[in-house]
Amino acid sequence: MFVHRLLLGGLLALCALQASARDYRFSDAHLHYVDFFQESEGMAPLLRAMDAGRVEHALITGIPVAKKWHEDEPKRPRYYAGDDAGAYWYSATDVLVAAAVKRLPAEQRRRLHPFLSGFNPTDKNADAHIRRMLELDPGFWQGIGEVFTRHDDLTALTYGDTPRANNEAMTRVYHLAAEYDLPVLLHSNITSKRERNPLYLAELEEPLRNHPHVRFIWAHAGTSLEIHRHQERLEFLLPTLERLLAQYPNLYIDLSWSVLRPYLLDAEGRADPAWLQLVRRYPTRFMLGSDVVGRFDGLGNYFAEFRPFLDALPEDVARRVARGNFLAVLPRQRRAELAD
């Protein structure tokens with residue numbers, strides 16, 4: 001018995017050593033080049049942060065709304081929730097992203113994957129606008145999003161109708177996404193700050209069901225820091241994901257920061273066994289994102305924090321989650337170019 005325990009302990013120690021020695025490379029599946037005031041540190045700091053954090057590829061997108069500095073506010077807010085002033089849909093965010101990417105040399109442009117986000121998702125003209133943008137820059141845009149639908153207090157602050165993932169305007173956008181083979185990064189909270197049930201799940205599930213040829217990336221798996229401030233942990237999230245992933249092969253999950261804790265890792269930084277099992281069951285359907293917003297100093301730290309979870313996965317699965325799964329959802333033409 002003693003010898004058996006000694007061997008088992010040695011095997012576990014060897015596995016831990018092998019995991020700690022893994023040399024991960026990352027793809028960032030959720031990165032905003034600008035903030036809610038359409039400002040950015042710039043491309044040079046972004047590329048330095050990517051290099052330091054071993055981030056080889058990144059989805060780069062704007063912010064589809066701009067925060068208003070209202071005349072009643074004596075101090076310029078630092079975030080959309082900084083005061084009671086509203087936000088408005090801002091199409092020029094895509095112009096800023098495109099201009100920054102196009103100034104780069106070809107070897108750096110190859111690392112960045114621009115997603116188009118500057119449209120009002122409640123406007124049935126949105127698909128016509130997106131089509132014009134795609135035709136202006138053939139082959140440049142590699143996806144749509146982040147589309148803001150249910151988004152904490154930002155939904156109430158944004159002027160106009162309440163955006164939903166299943167409204168008529170977005171239905172037209174999904175048809176266009178399928179036509180151009182573009183994945184869609186969709187922010188759609190699974191619930192409100194206080195409801196302890198999947199209040200808004202039907203708004204996501206309807207397009208999943210009706211648009212099987214569209215690859216949907218669900219931002220933060222429907223969670224948010226604001227929800228966690230009120231509810232800490234959504235006990236229904238994991239069984240909901242289990243059902244959705246089994247039912248909809250076109251669903252992919254963005255495991256950005258609001259999923260890391262309290263779901264993937266516990267308070268002591270240990271990987272959650274149930275989430276490990278879910279990722280092992282669907283090894284091609286999860287990806288990592290930083291969700292940085294116009295500032296890039298902490299980019300590498302976000303991915304370093306995922307290491308305990310990645311190390312607890314089989315190595316081939318961990319590498320897919322860290323890097324490969326995001327690249328696999330890009331348009332076919334872009335995947336072929338990366339494979340060259």
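The legends below accompany close-up views of a predicted model.

**Figure 1. The annotated domain.** The unreviewed UniProt entry carries the annotation "domain: Amidohydrolase-related" for residues 28-328. Helix accounts for 41% of the chain over residues 28-328, and strand for 14%. The C-alpha atoms at the two ends of this stretch are 13 Å apart.

**Figure 2. The largest pocket and the residues at its centre.** The largest pocket has a volume of about 430 Å³. Its lining consists of 25 residues, and those closest to the pocket centre are Tyr 79, Tyr 80, His 151, Trp 257 and Asp 291. At least two lining residues come from each of strand E6 (143-148), helix H6 (152-157), helix H9 (225-231) and helix H11 (257-264). Helix H9 gives the most, with three residues. By residue class, the lining comprises 11 nonpolar, eight polar and six charged residues.

**Figure 3. Asp 291 in its loop.** Asp 291 is among the residues closest to the centre of the largest pocket. The residue is found in the loop between strand E10 (286-287) and helix H13 (299-304). Its phi is near 60 degrees, a positive value in a residue other than glycine. Asp 291 counts as buried because its relative accessible area is 15%, below the 20% cut-off.

**Figure 4. Two cis peptide bonds.** One cis peptide bond joins Gly 145 and Glu 146, with omega at about 5 degrees; Glu 146 is found in strand E6. Another joins Arg 261 and Pro 262, where omega is about 20 degrees. Pro 262 has its place in helix H11. Strand E6 and helix H11 are among the elements that each supply at least two residues of the lining of the largest pocket.

**Figure 5. The enclosed cavity.** The model holds one cavity of 30 Å³ or more, and the volume of the largest cavity is about 40 Å³. Trp 89, Phe 148, Thr 149, His 151, Leu 154, Thr 155, Thr 158 and Pro 163 line this cavity. The lining divides into four nonpolar and four polar residues, with no charged residue. His 151, one of the cavity-lining residues, is also among the residues closest to the centre of the largest pocket.

**Figure 6. Surroundings of Tyr 88.** Tyr 88 is found in strand E4 (residues 87-89). With a relative accessible area of 35%, Tyr 88 is partly exposed. Beyond four places away in sequence, Tyr 88 touches Pro 64, Val 65, Ala 66, Lys 68 and Tyr 159. Tyr 88 and Thr 158 are 70 residues apart in sequence, yet their C-alpha atoms are 5.6 Å apart in space.

**Figure 7. The second largest pocket.** About 250 Å³ of space lies in the second largest pocket. Its lining has 15 residues, of which Gly 139, Trp 141, Tyr 180, Pro 331 and Gln 333 lie nearest the centre. Helix H5 (126-136) and helix H16 (332-339) are the elements that give two or more residues to this lining. Helix H16 gives the most, with four residues. The lining is made up of six nonpolar, three polar and six charged residues.

**Figure 8. The nonpolar cores.** The largest nonpolar core has 91 residues, and Met 43, Trp 275 and Leu 310 have the most contacts inside it. A separate core has 13 residues, including Ala 29, Phe 115, Ile 217 and Met 287. Met 43 touches Tyr 33, Ile 60, Ala 100, Val 101, Leu 104 and Leu 112, not counting residues up to four places away in sequence.

Technical notes: Residues are numbered from 1 along each chain as its sequence is written. This is a predicted model: local features need pLDDT of at least 70, side-chain atom pairs count only at pLDDT 80 or more; totals for chains, interfaces and linings use all residues. Side-chain values use heavy atoms; hydrogens and water are left out. UniProt positions are given in the numbering used here, feature names are shortened, and annotations may be inferred rather than shown by experiment. On a 1 Å grid over the protein atoms alone, a cavity is a set of points where a 1.4 Å probe fits but cannot get out, and a pocket is an open set with protein on both sides within 12 Å along at least five of seven lines; lining residues have an atom within 4 Å of a point. Grid points are joined across faces, edges and corners, and a volume is the space filled by probe spheres set on the points. Ala, Val, Leu, Ile, Met, Phe, Trp, Tyr, Cys and Pro count as nonpolar, Asp, Glu, Lys and Arg as charged, and the others, Gly among them, as polar. Buried means under 20% relative accessible area, exposed over 50%, partly exposed in between (1.4 Å probe, protein chains only). Contact means heavy atoms within 4.5 Å. A nonpolar core is a set of buried Ala, Val, Leu, Ile, Met, Phe, Trp, Tyr and Cys residues joined through side-chain atoms within 4.5 Å.
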